[in-house]
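User: Hi! I'd like to learn how the labels used for a structure are decided. Could you take me through some?

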Amino acid sequence: MGSLDAVRASIAEQVKFDILTQTQDADNEKARQQVARNFVSDTLTVPSKDMYIYASMASLGDDVYHEPSTLALEAHMAKLTGKEAALFLPSGTMSNQIALRTHLKQPPYAVLCDHRAHILRYEAGGTAFHSGATSLAVHPANGHHLTLADVQANIILGDDIHFAPVEVVALENTLNGTIIPQEEIIAISDYVHSEGLKMHLDGARLWHVAIETGKPMNELCAPFDSVSLCFSKGLGAPIGSCLVGSTNFIKRARWFRKLFGGGMRQTSILTASAAFALTHNFPRLAAVHELAKKLEDGLKKLGINITSAAETCMVFFDPSPIGVDFAELLKRAEALPNPILIGGSRLVVHIQTTKEAVDDLLALLSTLAEEKKAAGFVYSPQANGNANGNIYIRAREKSK
Ligand SMILES: Cc1ncc(COP(=O)(O)O)c(C=O)c1O
């Protein structure tokens with residue numbers, strides 16, 4: 001017995017692992033300061049201590065069976081969005097993909113969406129992989145948002161065996177930070193439903209639409225059969241999304257979540273963080289939008305082209321009129337004594353972005369403009385280094 005104890009102790013030595021660094025508090029403080037100057041994405045926001053203290057007090061169930069805090073959050077989300085039921089999921093990608101998988105029953109079929117949609121471009125081809133569906137990517141004629149005319153001009157209906165008919169029209173609101181007018185969504189929804197098809201919304205940042213337009217969440221969600229909402233982006237929770245829809249839809253989606261490997265256990269630490277974010281961070285989005293507009297105004301004053309306006313928390317820009325390209329700007333921003341991180345033409349302002357970070361970024365661009373002028377560059381408003389306005393370098397992992 002003595003020797004078994006010795007063997008166990010030796011295995012425990014091999015197993016044990018301390019992930020905290022010698023300077024953990026200082027490292028975390030540095031991470032907090034860095035995120036305040038990071039314009040790459042709002043997914044990079046870090047949980048506050050208050051959020052984690054609140055989360056640590058939540059219930060202790062197993063969500064594959066019955067997790068009280070998680071069920072409470074799901075019930076709240078269903079009520080908030082005016083739907084019958086809700087399902088907590090680990091990510092926005094899983095939420096969108098499970099929504100599509102649940103709607104789509106018997107191929108051949110297609111999903112119609114904006115050509116810039118997250119489900120099309122940034123979910124690793126999930127719609128084809130998980131649901132075996134074709135994606136019909138539509139370019140909005142107005143360059144801003146899909147309209148009823150766009151949908152009607154591109155939709156595939158009927159039983160011509162050459163085609164995969166559309167079964168789901170999936171919208172995204174906000175898309176690249178821009179808002180789809182609600183009247184247009186209603187017109188699309190009325191038409192899509194009149195054809196017996198389904199409407200899904202990737203509402204990862206629908207929170208921003210509610211804050212900006214003053215329309216309540218249930219009104220924004222009403223035209224859709226399913227909506228995916230994220231807690232881990234603008235709201236600043238560490239992990240999590242919610243899918244909302246009818247009772248039957250969510251019942252089946254819960255089945256697919258298990259099948260996809262997304263059935264989680266003690267989820268209350270996550271759902272309580274999400275609840276904290278709903279209460280404390282959602283109201284802060286108005287100030288986020290104001291700061292994004294201030295950034296946009298500053299860019300315009302410098303003569304920089306705005307390629308997609310700051311309707312909510314993002315602004316897309318093109319600095320080529322002042323002779324600057326993205327690679328140079330990224331390098332100089334990272335080389336500042338107090339570095340700024342940028343992902344490309346997309347600047348994202350979030351609840352942890354400081355006013356100083358915005359001022360410092362504008363000051364850097366002003367310095368660069370002066371340098372270019374001194375080197376003989378002539379201001380050129382027509383210059384366009386980024387014709388479609390939506391190219392951005394995706395978030396790069398930063399270890400330092
Ligand atoms: C509009 C939109 N939808 C869905 C997602 C996917 O979310 P996740 O990264 O949690 O999978 C993102 C991620 O940034 C997004 O921007």
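Analyst: Gladly! Buried means under 20% relative accessible area, exposed over 50%, and partly exposed in between, with a 1.4 Å probe and protein chains only. This is a predicted model, where local features need pLDDT of at least 70 and side-chain atom pairs count only at pLDDT 80 or more, while totals for chains, interfaces and linings use all residues. Residues are numbered from 1 along each chain as its sequence is written, and side-chain values use heavy atoms, leaving out hydrogens and water.

User: Why is Cys221 called buried?

Analyst: Its relative accessibility is 0%. The cut-off is under 20%, so Cys221 counts as buried.

User: How do you know that Cys221 is in no disulfide?

Analyst: A disulfide is a pair of cysteine sulfur atoms within 2.5 Å. For Cys221, the nearest cysteine sulfur belongs to Cys242 and is 11 Å away. Cys113 is in no disulfide either, with the sulfur of Cys230 16 Å away as its nearest. The count by this rule is 0 disulfides.

User: What makes the approach of Lys233 to the ligand a polar contact?

Analyst: A polar contact is a pair of N or O atoms within 3.5 Å; within protein, one must be able to donate a hydrogen and the other to accept it, and residues adjacent in sequence count only if both atoms are side-chain atoms. A polar side-chain atom of Lys233 is 2.9 Å from a ligand oxygen, so the pair meets the distance cut-off. Arg205 also has a side-chain N or O atom 2.9 Å from an oxygen of the ligand, and for Gly92 a polar backbone atom is 2.9 Å from a ligand oxygen.
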